[in-house]
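Grab a coffee and open the viewer. Below are some short exercises, each with a worked solution to check yourself against.

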Amino acid sequence: MRSSVARLIRSSSASPSRLSGNAFFGNATPSDQRHIEKPFKVKEAEPVNVTKPSPHKLLVLGGSGFVGSHVCKEALDKGLVVSSLNRSGKPSLNEPWADKVIWNQGNLLEPASLKDAMDNVSAVVSCVGGFGSNSFMYKINGTANINAIRAAAEKGVKRFVYVSAADFGLVNYLLQGYYEGKE
């Protein structure tokens, strides 16, 4: 290797005017083995504070209900940030997990009240369900969920989970609006 470097330095293409000393040995010539520069000190790089990516945010519609409250609790246990949209806002649940949920008040029958709740959401789980007259059940179980799906699509939410119910024909005449809405 040293003889290759010496030939390169002595060659006609590398004139002394273009080379001020040997690039490998400082000002030493290739035959001067006494002088070797100490390696330069590398300054430590500045630490870079990288923000930890925020965990996925889950919006649970109807999170204060029977099914929705279980979805909220499980999602929190998995380390997700959980928010919920309910007609009443924060419910009066005396459970420790309930204080970790971001509670939003809104009405799924009023699409404008959904938009803010959908901000920065990775996924939506709709656990909305209601009982009452057939027309009320149809609105809550059908129209409200359709509004939620549209709002999620407008906000670019990638996943939407819809919790439904199966009609086994036993009580269909009592809950016709419920099943028709879910359908």
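Before we start, one cut-off: buried means under 20% relative accessible area, exposed means over 50%, and partly exposed is in between. Also keep in mind that this is a predicted model.

**Exercise 1. Work out which pattern the chain follows along the sequence, and in what order the strands sit in the sheet.**

Solution. Start with the parts list: the chain has 4 helices and 5 strands. Reading along the sequence gives α-β-α-β-β-β-α-β-α. Next, put the strands side by side: they form an open sheet ordered β3-β2-β1-β4-β5, with parallel pairing. Now look at the ends of that order. β3 (102-105) and β5 (159-162) are the edge strands, each with a single partner, so one side of each has no neighbour in the sheet. For a close-up of one pairing, go to β4 (residues 123-126), which is joined to β5 by 4 bridges. There, Val124 stands opposite Phe160.

**Exercise 2. Find which strands helices α2 and α3 touch.**

Solution. Take α2 (residues 66-77) to begin with: this helix packs on the sheet and touches β1 (57-61), β2 and β4. Its direction makes about 170° with that of β1. Then move to α3 (residues 134-155), which packs on the sheet against β1, β4 and β5. Here the angle is about 170° with the direction of β5.

**Exercise 3. Decide whether Ser83 is buried or exposed, and list what it touches.**

Solution. First locate it: Ser83 is in strand β2 (residues 81-86). Its relative accessibility is 1%, so Ser83 counts as buried. Leaving out residues up to four places away in sequence, Ser83 touches Lys57, Leu58, Leu59, Val60, Val101, Ile102 and Asn104.

**Exercise 4. Track down the largest nonpolar core and say which element gives the most to it.**

Solution. A general point to set the scene: in soluble globular proteins, nonpolar side chains tend to be buried together. In this model, the largest such core has 16 residues. Among those with the most contacts inside it are Leu59, Met118 and Val124. Two elements, β1 and α3, give two or more residues to this core, and α3 gives the most, with 5 residues. Now zoom in on Met118: its contacts include Leu59, Val124, Ala148 and Val157. Don't stop there, though, as a second, separate core of 13 residues includes Ala75, Ala98, Trp103 and Val125.

**Exercise 5. Count the salt bridges and say where the partners of each one lie.**

Solution. The count comes to 3. Take them one at a time.

- Lys73 pairs with Asp77, with the closest N and O atoms 3.4 Å apart. The two are 4 residues apart in helix α2, so about one helical turn separates them. Lys73 has 35% relative accessibility and so counts as partly exposed, while Asp77, at 53%, counts as exposed.
- Lys115 pairs with Glu154, with the closest N and O atoms 2.7 Å apart. Lys115 is in the loop between β3 and β4 and Glu154 is in helix α3, so this pair ties together parts 39 residues apart in sequence. Glu154 is exposed, at 58%.
- Asp119 meets Lys155 at 2.5 Å, N to O. Asp119 is in the loop between β3 and β4 and Lys155 in helix α3, so the parts tied together are 36 residues apart in sequence. Asp119 is partly exposed, at 30%, and Lys155 is partly exposed, at 37%.

Technical notes. Residues numbered from 1 in each chain as written. Predicted model: local features only at pLDDT ≥ 70, side-chain atom pairs only at ≥ 80, totals over all residues. Heavy atoms only, no water. Buried < 20%, exposed > 50% of the residue type's maximum accessible area, 1.4 Å probe, protein only. Contact = heavy atoms within 4.5 Å. Pairing = 2+ DSSP bridges. Axes fitted to C-alpha atoms, helices over the stretch in contact; angles between N-to-C directions. Core = buried A, V, L, I, M, F, W, Y, C linked by side-chain atoms within 4.5 Å. Salt bridge = Lys/Arg side-chain N within 4 Å of Asp/Glu carboxyl O.
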